[in-house]
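Let's take a walk through this model together, moving from a sheet to the helices around it and then to some aromatic rings. Please keep the sequence and the 3D view open as you read.

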Amino acid sequence: MATTSLWHIEGSLNDLIKYVENPDKTIEVKDDPKDLSNLFWYVTRDDKTSDKQYVTAINCVKEIALKQMIMTKKQFRKTDGYIAWHGYQSFKPNEVTPEQCHKIGVQLAKEMWGDRFQVIVSTHLDREHLHNHFCINSVSYLDGKKYNYDKKEIQRFRDTSDRICKEHNLSVIKNPSGRTPRAIYEAEKRGEPTRYNLMREAIDFAIEHSVTMKNFKQVMREQGYAIYYDPNREYSTIKPIRGKRATRLFRLGDEYDYYRIKERVRQQNVYVANESYKKYMGAAEQKYIRPKPMIFKGSFQHTRKTTGLKALYLYYCYLLGYLPKKNQHKPLSPEIREAWRRIDRYSENIRLICKHDFKTADDVQQFIETNTEQIKMLEKERNRIRARMNRTDNPVEKEEYKSKRDDITTVLTSMRKDNRTAKHIIDDSPKIKEDIAKEEQAKQQRFTVQQRQNERNRRRNYEWENTR
């Protein structure tokens, strides 16, 4: 099974030469893919390629490949923009030998670019998973046209790699999952509750509490998710009950494919899972709580009631489980659970709302406009102070001007931060209202489902008593 990717390289030709001819790096050095001065050297470095044993040049000579690529660019007067394309083809650990890996890489490069472009193929052996690197000249030596890596070319790259792997009796990826968005990838690394993480946790929990797939779907529904499986459709999906966008199960990983989930449910201990299911479904019942009698002093007419943005954000923090600290609320809807990873942002929003007593979005917009005018005035004042500081030769006066400049900078930093937070308030308010509505729907749905179940139980008991 091979994965593939390709990306462009920008920079100067001098940087590319340095990248190729840098022989002094060791394997302990961390390579920065953004630094063009390391590209060609990285592809062909000795410690990764077994002393260049697994390096092949296509349409150029290996020893002078870089110079030939540069000559091609100069010949067609295309030395700016993207100077090269850097790609890879990676295999599962222990799936291929170095010789087989390099052979497949060369075959792939020849079929993809061998008719028009100069290419260096190198096989890296320094990781558990063997992988090929491709360095492709962006300009064709044949007609001088630049390489265009569009959607059709992306698909051709994948299809060609898969076909060659099948020819060598290797597995291929049936459901390519695509690239995870950077923000979600970083959040998952930090252990924050992302959409995908919450789905995986819900599925794992449902499997532990299920004996059959019917149980599994019921537990998933209690957690706010619906599983859709249709044998006539190619993919099974998972979707928040009140959400608009479904996610294909295979995108969550091999363990979360629909058929793999069925296997995991079958492997459960029937007695343990059945008891867990009953306990969880019993705990999920909607319970009526009798309010405690309370005595109030004074008049409700003079009692202040929290309204507007402050009420909206305080209630949202309660639904998130952020408030109150002692007896935290456990959200039902996946949307609210996912929103927890932005709690720091919401916390800053509510602080600014309370500080300036914002009631509506218009109040926030007015604050932003006023703040922006003050920022402009302070920036002008800071520029005047800087000019005076640069003109004076008196050390004492210079220090005074520096102190004033730093004080203004501190104030400006705080005001700009408030402006950003105020803009977040305006941007987040519609989403917060939508999430609150979904949480209320989740509560109502849980109550309705349990009410119907209780009604069915009462009918069965009544029928049983009448037939005795």
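In this predicted model, Thr237 stands opposite Arg248 in strand E8. Thr237 belongs to E7, the strand of residues 237–240, which pairs with E8 in the antiparallel sense over 2 bridges. The chain passes from E7 to E8 by way of a hairpin, with 6 residues making the connection.

Now look at the other partner of E7. Strands E6 and E7 also run antiparallel, and here 4 bridges join them. Within this pairing you can find Tyr225 opposite Pro240 of E7. As a reminder, strands of a sheet pair through backbone hydrogen bonds, in either a parallel or an antiparallel arrangement.

Put together, the strands form an open sheet of 3 strands in the order E6-E7-E8, with antiparallel pairing. E6 (225–228) and E8 (247–248) are at the edges; each has a single partner strand, so one side of each has no neighbour in the sheet. Helix H9, residues 213–222, packs on this sheet and touches both E6 and E7, its direction making about 145° with that of E6.

What covers the two faces of E7? In a regular strand, side chains alternate between the two faces of the sheet. Thr237 and Lys239 lie on one side of E7, Ile238 and Pro240 lie on the other, and all of them are buried, so both faces are covered.

Next, follow the chain past E8. Phe250 sits in the loop between E8 and helix H10. Is Phe250 buried or exposed? Its relative accessible area is 10%, and because the cut-off for buried is under 20%, Phe250 counts as buried. Tyr235 is 15 residues away from Phe250 along the chain, and the C-alpha atoms of the two are separated by 8.2 Å.

The loop leads to H10, residues 258–266, where Tyr258, Ile261, Arg264 and Val265 are buried. Viewed down the axis of H10, these buried residues fall within an arc of 115°, so they line one face of the helix. They pack against helix H8 (195–208), H9 and E6. Arg264 has a further contact to point out: its charged end sits over the ring of Tyr256, 5.5 Å from the ring centre. A comparable arrangement can be found in H8, where Arg195 lies over the face of Tyr196 at 4.8 Å from the ring centre.Finally, turn to the aromatic rings, which form 16 aromatic pairs. In one of them, the ring centres of Tyr315 and Tyr318 are 6.1 Å apart and the planes meet at 25°; because planes under 30 degrees apart count as stacked, this pair is stacked. Both residues lie in helix H12 (residues 308–320), 3 residues apart, about one turn of the helix. An α-helix has 3.6 residues a turn, so residues three or four places apart point the same way. Tyr315 is partly exposed, with a relative accessible area of 30%, and Tyr318 is partly exposed too, at 31%. Elsewhere, ring pairs link Tyr82, Trp85, Phe117, Tyr147 and Tyr149 into a cluster.

Note on methods. Residues numbered from 1 in each chain as written. Predicted model: local features only at pLDDT ≥ 70, side-chain atom pairs only at ≥ 80, totals over all residues. Heavy atoms only, no water. Pairing = 2+ DSSP bridges. Contact = heavy atoms within 4.5 Å. Axes fitted to C-alpha atoms, helices over the stretch in contact; angles between N-to-C directions. Buried < 20%, exposed > 50% of the residue type's maximum accessible area, 1.4 Å probe, protein only. Arc of directions from axis to C-beta. Phe/Tyr/Trp six-rings, centres within 6.5 Å; stacked < 30°, edge-to-face > 60°. Lys NZ or Arg CZ within 6 Å of the ring centre and 35° of its normal.
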